[in-house]
Amino acid sequence: MCHADDSNPPPLPDDLVLALPPLAGGAAAEITTATSADGTPFSVALALSSQPREPAVVIVPDVRGLYRFYAELAERFAAAGHHAIAIDPFGRTAGAPGERDADWDFWPHVRQTTPAQLQQDIHAATHVLRERGAAPTFAVVGFCFGGAHAFLAATNPDIGLSRAVGFYGKLGDGSRLGIPSPAEEAVHTQMPVLGLFGGADEGIPEADRAKFAESLRTAGVDHEIHVYPDAPHSFFDRKQDQFADASADAWRRTLAFLAD
């Protein structure tokens, strides 16, 4: 589990919130449906900024899918000036349009979700953003399970992404998630990457982070790997109250990376 049932995204630092009047309805996320290239409908939470800047953001959640945390996270990105859309990765096997509830059995669906399928879904989400007036550049931002998939998506130039951000995405043996090792696959990365990790995250050891950085150097892409020494897994969501400084810094680094 990557976050508690009642967690909310960390607040944006005040200086990162647009000091502009919102559009009618503000940045409140709209729960709607996208359709992947294989015909699969899946739920998304779309939040539009009052004064959008590039890139628009596709959010890939952790194993809980399109949970309320990620709809609100899309709203946070919109408040910072980026159109954002959070996707549900499990439309093929779990159905159930709309947001996921707090107690659904996600593991069987995690193991059935392939990188190729999820990358189709990311691509479909960019089409929704275009239809709503987003600029033609897109970034993927993923968390935990979604962070690993964001790193894998960065190896695929056909999705139409310009950069990738992963919060504590698993890097080593991906057999538990049913995916290849992102640290090894990173040699094929096609775009700038930002990786944010907790130094106290036992599931992502320093050796895996070093291998990931080595692969990104081999790929020849701009990249930043930042480690918060005492932070655990999920410091940005489940542990955000205890790690407020790390969460605020992660916001700053992510938005600076998107703006660079």
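The exercises below work through the fold, the core and one helix residue of a predicted model.

Residues are numbered from 1 along each chain as its sequence is written. Because this is a predicted model, local features need pLDDT of at least 70 and side-chain atom pairs count only at pLDDT 80 or more, while totals for chains, interfaces and linings use all residues, and side-chain values use heavy atoms, with hydrogens and water left out.

**Exercise 1. State how many helices and strands the chain has, and find how its radius of gyration relates to the globule rule.**

Step 1: The chain holds eight helices and eight strands, where helices (H or I, at least four residues) and strands (E, at least two) are DSSP runs numbered from the N terminus.

Step 2: The radius of gyration is 17 Å, close to the 18 Å that the globule rule gives for 260 residues, so the chain is as compact as a globular protein of that length. This radius is taken over C-alpha atoms, and the rule is 2.2 Å times the number of residues to the power 0.38.

Step 3: Along the principal axes, the C-alpha atoms fill a box of roughly 50 × 40 × 35 Å.

**Exercise 2. Determine what share of the residues is buried, and describe helix 5 in these terms.**

Step 1: Of the 260 residues, 54% count as buried, which stands for under 20% relative accessible area, with exposed over 50% and partly exposed in between (1.4 Å probe, protein chains only).

Step 2: In helix 5 (residues 145–153), nine of the nine residues are buried, so this helix is largely enclosed by the rest of the structure. Among them are Phe 145, His 149 and Leu 152.

**Exercise 3. Describe the largest nonpolar core and place Ile 59 and Ala 74 in their surroundings.**

Step 1: A nonpolar core is a set of buried Ala, Val, Leu, Ile, Met, Phe, Trp, Tyr and Cys residues joined through side-chain atoms within 4.5 Å. The largest has 82 residues, and Ile 59, Phe 77 and Ile 122 have the most contacts inside it. Its largest share, seven residues, comes from helix 1 (residues 68–79).

Step 2: Leaving aside residues up to four places away in sequence, Ile 59 touches residues including Tyr 70, Ala 74, Phe 77 and Phe 143, a contact being heavy atoms within 4.5 Å.

Step 3: Ala 74 is found in helix 1 and is buried, with a relative accessible area of 0%. With the same neighbours in sequence left out, Ala 74 touches Ala 45, Ala 47, Ile 59, Ala 84 and Ala 86.
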